[in-house]
Every structure is written in structure tokens, then in C-alpha cells.
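Trainee: I should like to learn how a structural model of this kind is read. May we go through it feature by feature?

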Amino acid sequence: MIASPKCDTAAPHLPPLNFMGDVLCRVSDKFRMKYSIKPGLYRIGNPSQESNVLVTANYRLTCNHVRKAMENRNVHVLVLNTRGINVWCAAGKGTFCTAEIVRQLTASDLGSKVSHRTLILPQLSASGVNASKLHKASGFTIKFGPIRASDIPAYLDNNFSATPDMRRVRFSIVDRAKLVPMEAVPALKTLGVFLLIAAILFGITRTGIIFKQALAGVWPIVVAGLTSVFTGSGLPPLLLPFIPGRAFSFKGFCTGLIGAVAVFLFLQPVRTDVFLAAFCLVAMPAFSSYQAFLFTGSTTFTSPSGVKAELKIALPLYLAGAGISLVLFAAALYRFWRFS
Amino acid sequence: MNQFYLRGVSTLKLASEKCTGCGRCVEVCPHGVFDINDRRAHIIALDNCMECGACSQNCAFGALSVKSGVGCATAMINGILTKGDPDLGTCDCSGAVSSGTCC
């Protein structure tokens with residue numbers, strides 16, 4: 001008997017690598033939020049019924065990591081709808097979860113496509129997935145694989161065993177450097193709005209807003225602001241283990257204070273105007289500290305209890321700092337108007 | 001890694017009498033907080049804990065508890081500004097459609 005040709009029901013290939021996309025998603029928030037693939041069952045190579053099933057998030061960068069690691073291998077990939085968010089964040093926020101896995105298992109009818117009942121999940125999804133609940137709900141057994149996609153081949157070849165090193169999250173200087181643009185861009189946007197308003201205020205004269213005067217008044221503050229973004233969003237991620245203190249707000253304060261002292265020493269207009277000098281010495285460490293504090297959301301080791309403890313002390317100080325800065329700014333502005 | 005956060009803040013608790021020593025916590029913990037010794041789990045590095053909740057979520061015997069969440073200042077500040085509670089905030093990582101959790 002000749003078997004009737006089976007119609008091609010193979011799942012689509014996981015999309016090809018996209019280097020430009022992988023870079024852009026580190027720079028543009030808008031791009032990043034849309035850098036996703038359609039959830040569902042995919043494949044890498046030509047998996048059979050016995051092939052392993054990897055489960056992952058539908059953030060394209062995540063999928064690309066999996067694809068890169070599994071080049072030349074045959075594997076099923078079940079992509080969950082995490083709304084374009086990476087595995088760990090999605091697990092933490094509840095979209096990479098037991099119910100979503102059950103949903104995608106049903107939608108893809110995976111049970112009829114593989115002969116085994118094992119799913120391999122990234123270790124970092126464990127904060128969102130309850131392995132025993134999933135087993136009860138779907139009949140599938142979960143194995144928590146390694147943290148990094150690049151370790152999956154070794155994990156598979158080692159009979160599903162991960163070394164302690166594969167189970168520890170890292171945060172190397174390279175990992176941290178990749179995060180700097182996403183820290184700096186929002187800070188620069190906020191700074192831009194402030195500088196624009198400041199420039200207009202400095203430019204006001206009886207005969208209208210004079211560009212030359214605006215520039216003369218605002219340029220030291222432009223330098224001070226850019227220095228703060230460097231000391232708040234650039235240095236803390238890059239030099240994280242070397243900056244004193246455990247609290248991120250303190251680390252950012254330290255780097256910011258150094259920046260403020262540097263601006264005071266090197267900028268003549270700041271050194272000679274007591275209000276402008278005081279403004280820089282208050283506002284720069286505060287702004288820098290605030291940016292460093294926000295970096296807690298991007299690290300691999302900060303706890304919510306810790307962030308809350310920092311917040312309790314830092315938030316009143318930020319509010320006070322912002323208030324004092326505004327008063328000092330107004331004083332510096334007034335003096336500029338009078339003497340120019 | 002030599003990167004540490006604040007000491008003495010983690011809410012992680014282990015009820016040793018419920019532990020069967022299955023080792024799931026060691027498997028899922030990304031910071032090497034646990035070790036299995038004498039067929040029981042032990043917390044060997046409490047200050048490494050980032051309260052991600054992976055262990056308590058997957059302890060089949062209810063031996064672990066932790067007030068889990070994401071240590072993200074942006075989300076907490078947003079929570080205070082919009083809802084007056086740091087625990088109710090969201091950030092970019094919550095997904096384009098923030099309709100809460102699904103579990």
C-alpha cells in the first residue's frame with residue numbers, strides 16, 4: 001500500500017537572525033516594544049516526533065538568541081505570547097506563565113506532533129511557571145534548562161543536566177554596557193525638555209527672546225546636564241562593582257558629586273556665580289542618583305524589598321533636591337536677567 | 001559576580017520541616033541561595049536573594065515563602081504616582097497591553 005502523501009503541516013521556521021534589529025532594540029524603546037514575533041509553534045532545522053521542545057518568549061531578541069544557539073540542530077520551539085517581552089521580565093510580570101503555556105500547547109496541538117511529554121523551559125521563567133501545576137493541567141513535564149540560550153546545546157548533550165555555572169545569572173561589563181543607551185535615552189529626553197525651558201527663560205529680554213543671550217545663559221547648564229547623564233546613566237552600569245555603596249541611589253550620588261565638582265572647577269561661569277554653583281552642586285548629584293536608582297530595574301540582582309528600602313530614604317531627598325534646585329535656578333536666572 | 005545589593009532585606013523564608021530535599025529550589029534559583037545538605041534545603045546566601053519568587057512558585061511542598069516581585073524603581077515610582085502604592089506600579093517590561101497577570 002502506498003501511503004498517501006501527507007500534506008505539509010510542519011511548523012514554520014523560527015525567523016532568521018536580524019543583527020540590525022538586535023542593535024536597534026537596545027537603543028529605541030519604540031522599536032523594542034514592537035520587536036516581537038507571532039506566538040505559536042516554530043521549528044529549527046527538521047525536528048521529528050522525538051525532538052526536544054524548547055519554550056520561549058516572543059521577544060524577537062530572545063528568539064534570535066535561541067536560534068543562534070541551536071544552529072544546525074533540530075528542535076521544536078513553542079513561542080509564548082509574552083507581548084514582546086523577554087523571558088525573565090515576562091515571568092516576573094505574569095505573562096510567561098503556566099496558563100499561557102497551556103494555551104499555546106492547545107492552540108498548536110503539540111501533543112499530537114511529538115511522541116514524548118517533556119518541555120524544556122528557560123530557568124529564568126521559573127518565577128512565572130509552576131511546574132507541577134502545568135503537569136496536572138497538560139500532562140507535560142517541565143525541565144528547567146539553563147539560564148542562557150547559548151548553554152542549551154551543552155545542556156541537551158549532557159542528558160538535561162545544567163552545571164551550577166549555567167544556573168547562575170551573570171551581569172558582566174558587556175551585559176551592562178548594552179543597557180547604557182536605554183538608560184541614557186530617557187534621561188536625555190527629560191534633560192532636553194528642561195534645557196529648552198531654561199534656554200527660553202534665559203533668552204527673555206524686554207524686546208523679546210534673544211537667541212544669543214539664551215545661549216550665553218544656558219550653556220553651562222547644558223554641560224552640567226550632559227555630565228549628569230554621563231555620571232547617572234553611563235558610569236553606574238559600567239563601573240557597577242567599583243563604585244562604593246550597595247544602594248544604587250548612593251552610587252549615582254557619588255558619581256554625580258564628582259561630576260558636579262568637576263563642572264564647578266572647570267566652568268568659569270559656574271565658579272563665579274554662587275547661585276549657579278549651588279544649583280550644580282545640588283541638582284547634579286540628585287539627578288545622577290535618580291538615574292542610577294532607575295537602573296535597579298535593569299539589573300539581574302536587585303530585590304523589591306531592597307528597592308523599597310532605598311525608595312523610602314531617597315524619594316524625600318529627591319523631592320527636596322528638586323525643590324531646592326528650582327529655587328537656586330530661579331535665583332541664578334534672576335541675577336542673569338539683572339546683569340545682562 | 002561580586003555584585004551585591006542591600007543586606008538583610010530579603011523576605012525569603014524556609015520552613016525546613018516541610019522540605020523533602022527534592023532540589024527544585026537549587027535548580028531554579030539564579031543566585032545560588034540554596035544548597036541541599038542532609039536531604040534538606042538550606043539557605044546559604046540569603047543576601048544574594050533578589051526575591052524573584054522562582055523557588056516558592058516551584059516548591060511543591062510549600063516549604064518556601066517570599067514576598068516576590070521585581071526590584072525595579074521605575075515600576076515602584078510609577079505605582080506611587082498613579083496608584084499611591086509602590087507595589088501596584090508597572091514599567092515598560094509589563095508588555096504593550098498591561099491587562100494584569102494571567103495566572
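The dialogue below takes up confidence, shape, a single residue and the contact between the chains.

Mentor: Let us begin with the origin of the coordinates, for this is a predicted model.

Trainee: Which ipTM and pTM does the model score?

Mentor: The ipTM is 0.89 and the pTM is 0.90.

Trainee: What is the mean pLDDT of chain B?

Mentor: The mean for chain B is 87, and 88% of its residues reach 70 or more. Among the elements of chain B, strand β1 (residues 13-14) has the highest mean pLDDT, 97, while helix α3 (residues 73-83) has the lowest, 89.

Trainee: Where in chain B does pLDDT stay under 50?

Mentor: A general caution comes first: where pLDDT is low, the predicted coordinates should not be read in detail. In chain B, pLDDT stays under 50 over residues 96-103. The model has 17 contacts beyond four places in sequence for that stretch.

Trainee: How many helices and strands are there in chain A?

Mentor: Chain A has 13 helices and seven strands. Its radius of gyration is 26 Å, well over the 20 Å that the globule rule gives for 340 residues, so chain A is more spread out than a compact globule. Along its principal axes, the C-alpha trace of chain A spans about 100 × 40 × 30 Å.

Trainee: Which domains does the assignment give for chain A?

Mentor: The assignment gives domain 1 (19-167) and domain 2 (173-339). The C-alpha centres of these two domains of chain A lie 40 Å apart.

Trainee: Why does Arg83(A) count as buried?

Mentor: One counts the C-beta atoms around a residue, and 20 or more others within 10 Å make it buried. Arg83(A) has 22 C-beta neighbours inside 10 Å, and therefore counts as buried. Arg83(A) is placed in the loop between β3 (75-79) and α4 of chain A. For chain A as a whole, 43% of the 340 residues count as buried.

Trainee: How many residues does the contact take from chain A and from chain B?

Mentor: In general, the size of an interface is often given as the accessible area lost when the parts come together. Here we may count residues instead: the contact takes 47 from chain A and 44 from chain B. Several helices of chain A each supply at least two residues of the side that touches chain B, among them α5 (98-108) and α12 (274-294). Helix α13(A) gives the most to that side, with seven residues.

Trainee: How do the residues of that side of chain A divide into nonpolar, polar and charged?

Mentor: The side of chain A that touches chain B has 22 nonpolar, 16 polar and nine charged residues.

Conventions. Residues are numbered from 1 along each chain as its sequence is written. Chains are lettered from A and ligands numbered from 1 in the order in which they are written. This is a predicted model: local features need pLDDT of at least 70, side-chain atom pairs count only at pLDDT 80 or more; totals for chains, interfaces and linings use all residues. Two residues are in contact if their C-beta atoms, placed from the backbone, lie within 7 Å. Helices (H or I, at least four residues) and strands (E, at least two) are DSSP runs, numbered from the N terminus. Ala, Val, Leu, Ile, Met, Phe, Trp, Tyr, Cys and Pro count as nonpolar, Asp, Glu, Lys and Arg as charged, and the others, Gly among them, as polar. Domain bounds come from an automatic or database domain assignment. A residue is buried if 20 or more other C-beta atoms lie within 10 Å of its own, exposed if 12 or fewer, and partly exposed in between; C-beta atoms are placed from the backbone. pLDDT is the predictor's confidence in each residue, from 0 to 100. The radius of gyration is taken over C-alpha atoms; the globule rule is 2.2 Å times the number of residues to the power 0.38.
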